[in-house]
Amino acid sequence: MTDRYAVFGHPIAHSKSPAIHAAFARQTGQDLHYEAILAPLDGFSASIAAFMAAGGRGANVTVPFKEEAFRLARRLSARAERAGAVNTLSFGGGEIFGDNTDGAGLVADLVRNRQRDPAGARILLLGAGGAARGVIEPLLDRKPAGLVVANRTPGRARELAGLFGPGVAACGFGDLEGRFDLVVNATAASLAGELPPLPADLFAPGALAYDMMYGRDTPFLAFARTHGAATADGLGMLVEQAAEAFFVWRGVRPDTAPVIARLQADAC
Ligand code: NDP
């Protein structure tokens, strides 16, 4: 019988995950079906329970349910525990296992697809929400020269940095000082077509500006280009976090390069 998986979110119609997982399944010869399911805002856990009862084997979770998925999981991976959010659920023996593959997805995109290993880099992470929280530990694992979290609400940045010890500094946008080799935009500002108020001299020579948002040019990427930085959007992260989830479920690692290339071509 074909194994069933799904991504749950609200909204969800825009999701590229069904196409990505269908491509992975074809490539690796795995017999699975993956669909997008719109969960009511007050009905996430009921939607998951119904999917499990119907034989679902696993699920991805996106906005706004990642923290609810964290609370729903009976068992958590270490990385999900540190992230405080879950984007990948596995159902086995009636138990719910929660994992978080977002950070691994970002690091894989940087290292494998962009040849930008964060090792030794001065990193600035913009934002202190779920996405920022999920990527801090995987970035620290690469041994950067430093990591600063800057957020519109500085208190949230300080609270987040405090979870990771003295290796992570925190501030508001107005207090930013110094130059960075890698600037990751994990704010939702791009969704609103806005640019966080950043200093013009933020980028070190040869810096990369990475916007987790994908599918359109953003004010952040335009700002970075104006100030001499190379740019990347979050499409590679999306595909890499999906590949990591696929590996969690199936024990098989798909080749992401042709899938990223296909999505980039479709976007043109
Ligand atoms: P959250 O709602 O958890 O956090 C939002 C963050 O953005 C907060 O730090 C908030 O600051 C900040 N923010 C919101 N609006 C503005 C603004 N106008 N100016 C400056 N800062 C702002 O969202 P997530 O962390 O879940 O997601 C953030 C982004 O990352 C989204 O665009 C999402 O699509 C993207 N993402 C991409 C992934 C991928 O695979 N490519 C994976 C996961 C996320 P404050 O604390 O002050 O409210």
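Which of the 23 residues around the ligand come nearest? In this predicted model, they are Ala131, Asn151, Thr153, Arg156 and Glu194. The ligand occupies the largest pocket. Two helices, H6 (130–141) and H9, each contribute at least two residues to the shell around the ligand.

Backbone atoms also approach the ligand. A polar backbone atom of Ala188 is 2.9 Å from an oxygen atom of the ligand, and a polar backbone atom of Gly129 is 3.5 Å from an oxygen atom of the ligand. A nitrogen atom of the ligand, in turn, lies 3.1 Å from a backbone N or O atom of Gly234. Of the 950 Å² that the ligand exposes when taken alone, the protein buries 81%.

Helix H9, one of the two helices named above, spans residues 235–250 and comprises 16 residues. From the first C-alpha of H9 to the last, the distance is 22 Å, close to the 22 Å expected at 1.5 Å a residue. Because 14 of its 16 residues are buried, H9 is largely enclosed by the rest of the structure. Just after H9, Gly251 adopts a positive phi of about 70°.

Positive phi values also occur at two residues that are not glycine. Gln115 has a phi of about 50° and is located in the loop between H5 and E7. With a relative accessibility of 61%, Gln115 is above the 50% cut-off and therefore counts as exposed. Lys143 has a phi of about 60° and belongs to the loop between H6 and strand E8 (146–151). The relative accessible area of Lys143 is 63%, so this residue is likewise classed as exposed.

The loop that holds Gln115 also contains Ala119, being the connection between helix H5 (102–113) and strand E7 (122–126). Ala119 has a relative accessible area of 41%; this value falls between the limits of 20% and 50%, so Ala119 is partly exposed. The C-alpha atom of Ala119 is separated by 21 Å from that of Glu244, a residue 125 positions away along the chain.

A contrasting environment is found at Asn185, which lies in strand E10 (residues 180–185). The relative accessibility of Asn185 is 0%, under the 20% limit, and the residue therefore counts as buried. The side chain of Asn185 takes part in two polar contacts: one of 3.2 Å with the side chain of Ser190, and one of 3.4 Å with the side chain of Asp211.

Cis peptide bonds were identified before two prolines. The bond from His10 to Pro11 is cis, with omega near 10°, and Pro11 is placed in the loop between strand E1 (3–9) and helix H1 (17–28). The bond from Val63 to Pro64 is cis as well, with omega near 0°. Pro64 is found in the loop that links strand E3 (56–61) to helix H3 (66–72).

How values were computed. Residues numbered from 1 in each chain as written. Predicted model: local features only at pLDDT ≥ 70, side-chain atom pairs only at ≥ 80, totals over all residues. Heavy atoms only, no water. Helix = DSSP H or I, 4+ residues; strand = E, 2+ residues; numbered from the N terminus. Expected span 1.5 Å × (residues − 1). Buried < 20%, exposed > 50% of the residue type's maximum accessible area, 1.4 Å probe, protein only. Near = heavy atom within 4 Å. Polar contact = N/O pair within 3.5 Å; in protein donor to acceptor, adjacent residues only side chain to side chain. Areas by Shrake-Rupley, 256 points an atom, 1.4 Å probe, with all protein chains shown as cover. 1 Å grid on protein atoms, 1.4 Å probe; cavity = no way out; pocket = protein on both sides within 12 Å on 5 of 7 lines; lining within 4 Å. Sits in = over half its atoms within 2 Å of the grid points.
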